[in-house]
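Here's a structure you may not have met before, so let's take a walk through it together. Have the view open and ready to turn as you read.

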Amino acid sequence: MLSRIAESLYWIGRYIERAEDTARILDVHVHYLLEGPLIDEDLACRNLLAAMGVPAASPAPDGLFNAKLVTELLAFDEANPSSIVSSLTAARANARGVSEAISSEMWEALNTSYNALPGQVAIGRGVGPYTFFRYVRERAAIMAGLTDSTMSRDDAWRFLVIGRSLERIDMLARLLSTGLHPRDGDGDDVDWVILLRSCSAHEAFLRTYHREVEPILAAEFLLLDRLFPRSIFCAVSTAEQCLADLDPRYGRAGMADEARRVLGLVRTNLEFRRIEDLLSDLGGQLRNVQTGCSAASAALAARYFRQTRSVEWVSEGPGIEVAAADGSTRMEALPAPAAAGSDADRLAALAAEEDPVPGADGTAGDDALAEDDGAGERGASPDARMAGR
Amino acid sequence: MVDRTAVGDLFDGYAPARTLGTPAWDEMFEAPGVVRPAAAVLHDALTSLSASEFEARAAARDRGFHDRGITFQLSGEERPWPLDLVPRVIPEAEWTTLEAGVAQRVRALEAFLADVYGTGQILADRVVPHRLVTTSVHFHRAAFGVEPANGVRIQVAGIDVVRGEDGRFYVLEDNIRCPSGISYVVENRRMMARIFPELFASHRVLPVASYPARLLEALRAAAPAGVSDPTVVVLTPGVYNSAYFEHSFLARQMGVELVEGRDLLCRNDTVYMRTTDGEQRVDVVYRRVDDDFLDPLHFRPDSLVGCPGILNAARAGNVAISNAVGNGVADDKLAYTYVPDMIRYYLAEEPILPNVETYRLEDPEALHHVLGHLHELVLKPVSGSGGYGILIGPQATEAQLDAARAAVAANPREWIAQRPVSLSTAPTDVGGRLAPRHLDLRPFAVNDGTSVWVVPGGLTRVALPEGGMVVNSSQGGGSKDTWVTVDGRRVPRVRAARAAKPGRREVAPDPGPALSFAGTEQQQQQQQQQQQRPAPC
Amino acid sequence: MSWRIRAEHTSRYRYAGPVYSSYNEARVTPLTTTAQLVLDASVKVEPSTRPYRYLDYWGSVVHAFDIQQPHGELVVTGRSVVETSVPRPGSTAATWSQLDDALLRDDHAEVLAATAWVPADERIAEIAAELRAANDPETAARAAVAWVRDQLSYVSGSTGVHTSAVEAWEGGAGVCQDFAHLALAALRAMGIPARYCSGYLHPNADAGVGMTMEGESHAWVEYWTGDWHAVDPTIGWPIGERHVLVARGRDYGDVAPLKGVFHGGPTGDLQVKVNLTRLG
């Protein structure tokens, strides 16, 4: 598979998961703020933004954060590269570039989700964000379902699932590491019920343990449960398995594949540690998990996604044939593709505005469909992908 | 015969267009109210539709295109691909001529390209002047000496034709660089079959869906010598290119990789693509990147979408580039005027499809005539495309005419002049009613080296404004599904549903454990029976 | 009398930073013509790579190569041994009416047309018209070369590779490339087919055998007045045994000794050295 496509699939997995997890977290958070009138809304919102890695400069006149502002920032804001809207947009942009590598059902589902976003955002802003969050969760579920039911279990699927898994680990680690909501009047204890509900794990927890939520059990469930798919353990194991399937070779000793080595270390470090020990240094452990995730992502890129960017060529010697002032209108009409970054995106967007079946004047009908113009450059730079992190 | 007076609202007020004075040829009506035999069945089917039924199908069409991402940008907005709901019907008898004419043209153009990038016999024989080639900006000397393994330089051609007032098809332009639009031909058909299944039940329409398979065959046939199972890729400028949908469509339908320039790498005059398993050799590149952007070593060094070294890899015989580099020398508007001569010279045949009457302005007599009659002619720049710089004499102002005269006098080689052709019309959906609108046609041809195959039909484009002849979709143009019908009469559908094989027991899906109400009822009945049982003695 | 000359043409690019990938074409191998015979020729590239050799549209020998390993310096060396002689004089009998013949003009269309380096210019056209009116074609061609030598003074470094004939003329100075381009402009304006030649010039007519002299890349022109004739506008003489012809084209763009693209760097510093040794 092309490295560029593998990379895009990986990021599609991450973006969709990011959108879904953000929706889950926000949903619970907003609900929580409404339910508990005694909560320090500003502080809770700042904690959430910190967890999501969004710089906390309040746009409100009084400098205070509230649920509406946070929702705007994390869900609807197109300028925030990790918002739900931005994530889905980026997922769709990546999918557009690899639409022949995923099933057409997946592409259509993602495209439909994207097309409906403006409407859903408007509804979310108007009548409250719940329908929007539900929409995002449902669309993510459809995508996940189609991923699993329409894609062969080949490398394409694996890269997508690795992306999904790493993002899931990262988001859960973020969520846990800031101890999202200090319970009212109960010191700095983490509100585990909220955390469980963010991960759709509350009901699963209750069915598993048949008792009230206790910190140790909740932490164990979210970190270590072998069966619950949104636990860190499960997500790490899934990613490890996919990596192993990508390259099943084992050496005599050690682990040749760096991403697998890092994730294995993350997993065993959780798996073979007492839950009490984990809880006593939860912050440190979660930092390890996050670091491991980033390292695994970097290792994956280094091994599988080498040189997927466009290269700018420098000319030696004289300009070549085309540099001549030959008055070719074809050539002049095209914007010269610029270097990477926003300029290229803008120029590329211009190119994209042209006629899809470029046409012409038909009186005496002219050239009818013109031909492809060579210009146009892909967006979705890796920097944009990592922004907000 | 259907009672014409009961015709549905759709055709109300349908009258032939007289855009350029004389009435245009209409694809459906011979005369007002008189339907052409080939279109009769279609006409009847349409008249039986109510306006609301028609509207519902239009909505289904837009939703379908939108969901599948088959859209185009119009003033910054993403619109569904404009497919008009009324297909254009070309009877097979007419098509056979058109098909032969298109194939003939492609064969002549192939011969011409092989000649001018080789010994230049047609130039030596003075059938075509040297300057047509040597002063063309599309004659790429860098492509000189690149010999396609199977001799084919035009794997794909799009030959634009229009039907004139006399009902004849005229060639307007040859497109043998990277002609686009075939994906819309296939998608239009697919959409029509989805929303108008009953029309297909009453017509035998020649299928278009085999195009990707034909193209793949032609591309594989172009592979370098000695490569038995070639790796074919489609090279796209990227997702922001206006034809990206088509590139993606073709790659998917052919089951080959869609690559961008950055995915490719030339080393030692061999092309590779970067994969997660390392570098993999590429044998055939169906490129949808213009010559100027294809190879920064030979052409624009600032191209970010090309692959440096690819042209020399082709020269070394290690990769096939399709369509070949430098084909533009044969499809500019000046070369167009010589195609009939090429057909006679190379094929010793008479052209099946005529050109539109064209004046070469480098000829002083022609120049004099044209300058005097500019208000009656259409003036086109030789190397322009996309409709830029075209002057339609009858519709131009005095000032425009004066400016054009000056431009032509200054550089006659850069211009040609043509007799204006009033394009034919066909019924087209305009706000829920059908009205005549002008259209053209781009048939697509595929050359695999042994024969030239032409997709039955092609892309019909429609100018939507009344009297408009601009079929460009960025200026509000639309498209039509183009049907080559084997016979206008009702013909039973060929593909009958296959009968289930006798002897095979069809097993119903496992209904699962009994959870239904019926099940509970049974249990309840049992219980009742047990309860009703007389007590044991 | 003929000379045997060994030419060693070294182009050395030094880059500010590492170059990761590089694609190039070198045109440094002399042509074999009626007046010149190539006895031996080779091209060496450092970092080491395997060039692909082909003949381009103009008949020039091209060595194309790519380098995929990081490098800070690129050295391309063309070595050749050539036997040169004074070209046999050909016909100079063409008349203006022959040159104005539509068919002849069409045959030579590409070496009559303006190019990026040799653009059409009204002032030059006027001068050309005067020269043409006063002379037969061969005399006019010589007069054009004399006019170029009168207009331009040779000043090393006064122009760049992209300088056009008109720009050099306006500046009043140039190097061999500019002399050649301006001569082409005047010749073509008169309707005389004319082409650009690149190669080497041995600097010393009295050089001893075995003595290595530092020379330079050189440029001159050929024009058609019944046959092709070569003249060197820079030194003002016809071509002789001291000239080694490497490539012909419409202008410098068709014959550049080294051209290519690279990724990394960014900019490079180019040093060119041509060593010429008379062997016999």
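What follows is a short tour of some domains, a helix and a few charged pairs.

First, a word of caution: this is a predicted model.

**Two domains in chain A**

Let's begin with how chain A is put together. It splits into domain 1, covering 1-151, and domain 2, covering 153-308. Taken over C-alpha atoms, the centres of domain 1 and domain 2 of chain A sit 20 Å apart. On each side of the contact there's a set of residues: 34 from domain 1 of chain A and 34 from domain 2 of chain A.

How big is the area buried between domain 1 and domain 2 of chain A? It comes to about 3200 Å², and carbon and sulfur atoms give 59% of that. The size of an interface is often given in just this way, as the accessible area lost when the parts come together.

Charges play a part here too. Between domain 1 and domain 2 of chain A there are 7 salt bridges. The polar contacts between domain 1 and domain 2 of chain A come to 12 residue pairs, with both residues at pLDDT 80 or more.

Now look at the face of domain 1 of chain A that touches domain 2 of chain A. The elements giving two or more residues to that face are α1 (3-35), α2 (41-51) and α6 (130-150) of chain A. Of these, α1(A) gives the most, with 20 residues. By type, the residues on this side of domain 1 of chain A break down into 17 nonpolar, 8 polar and 9 charged.

One salt bridge to look up is the one between Glu20(A) and Arg230(A), whose closest N and O atoms are 3.4 Å apart. Glu20(A) and Arg230(A) also belong to a network of salt bridges that links them with Glu17(A), Asp21(A), Arg24(A) and Arg168(A).

**A covered helix in chain A**

Next stop: helix α3 of chain A, residues 67-76. Is it mostly covered or mostly open? Mostly covered, with 8 of its 10 residues buried. The buried residues of α3(A) are Ala67(A), Leu69(A), Val70(A), Thr71(A), Leu73(A), Leu74(A), Ala75(A) and Phe76(A).

So what does the covering? For the buried residues of α3(A), the cover includes α1, α2, α4 (84-97), α5 (104-127) and α6 of chain A. You've already met α1, α2 and α6 of chain A, which also give residues to the side of domain 1 that touches domain 2.

Have a look at the start of α3(A) as well. There, a side-chain oxygen of Asn66(A) comes to within 3.1 Å of the backbone nitrogen of Lys68(A).

**Charged pairs in chain B**

Over all chains, the salt bridges add up to 69. Side chains of opposite charge can pair when their charged atoms come close. Here are three pairs from chain B.

| Salt bridge | Closest N to O distance |
|---|---|
| Glu362(B) and Arg131(B) | 3.2 Å |
| Arg442(B) and Asp160(B) | 2.7 Å |
| Arg189(B) and Asp481(B) | 3.0 Å |

Start with the pair of Glu362(B) and Arg131(B). It links distant parts of the chain, 231 residues apart: Glu362(B) is in the loop between β15 (358-360) and α13 (364-372) of chain B, while Arg131(B) is in helix α5 (residues 130-134) of chain B. Glu362(B) counts as partly exposed because its relative accessibility is 25%, and Arg131(B) is partly exposed too, at 29%.

Then go to Arg442(B) and Asp160(B). Arg442(B) lies in strand β20 (residues 433-442) of chain B and Asp160(B) in strand β6 (residues 156-163) of chain B, so this pair ties together parts that are 282 residues apart in sequence. Arg442(B) is buried, with a relative accessible area of 1%, and Asp160(B) is buried at 0%.

The last row holds Arg189(B) and Asp481(B). With Arg189(B) in helix α6 of chain B and Asp481(B) in strand β24 (residues 477-485) of chain B, the pair ties together parts that are 292 residues apart in sequence. Arg189(B) counts as buried at 10% relative accessibility, and so does Asp481(B) at 1%.

**An arginine with two partners**

One more stop in chain B: Arg177(B), in the loop between β7 (169-175) and α6 (182-195) of chain B. Is Arg177(B) buried or exposed? It counts as buried, because its relative accessibility is 12%. Its side chain makes a polar contact of 3.5 Å with the side chain of His138(B). The side chain of Arg177(B) also has a polar contact with that of Asp331(B), at 3.1 Å.

Terms used. Residues numbered from 1 in each chain as written. Chains lettered and ligands numbered in written order. Predicted model: local features only at pLDDT ≥ 70, side-chain atom pairs only at ≥ 80, totals over all residues. Heavy atoms only, no water. Domains from an automatic or database assignment. Contact = heavy atoms within 4.5 Å. Buried area = accessible area lost by both parts, 1.4 Å probe. Salt bridge = Lys/Arg side-chain N within 4 Å of Asp/Glu carboxyl O. Polar contact = N/O pair within 3.5 Å; in protein donor to acceptor, adjacent residues only side chain to side chain. Helix = DSSP H or I, 4+ residues; strand = E, 2+ residues; numbered from the N terminus. Nonpolar A, V, L, I, M, F, W, Y, C, P; charged D, E, K, R; others polar. Buried < 20%, exposed > 50% of the residue type's maximum accessible area, 1.4 Å probe, protein only.
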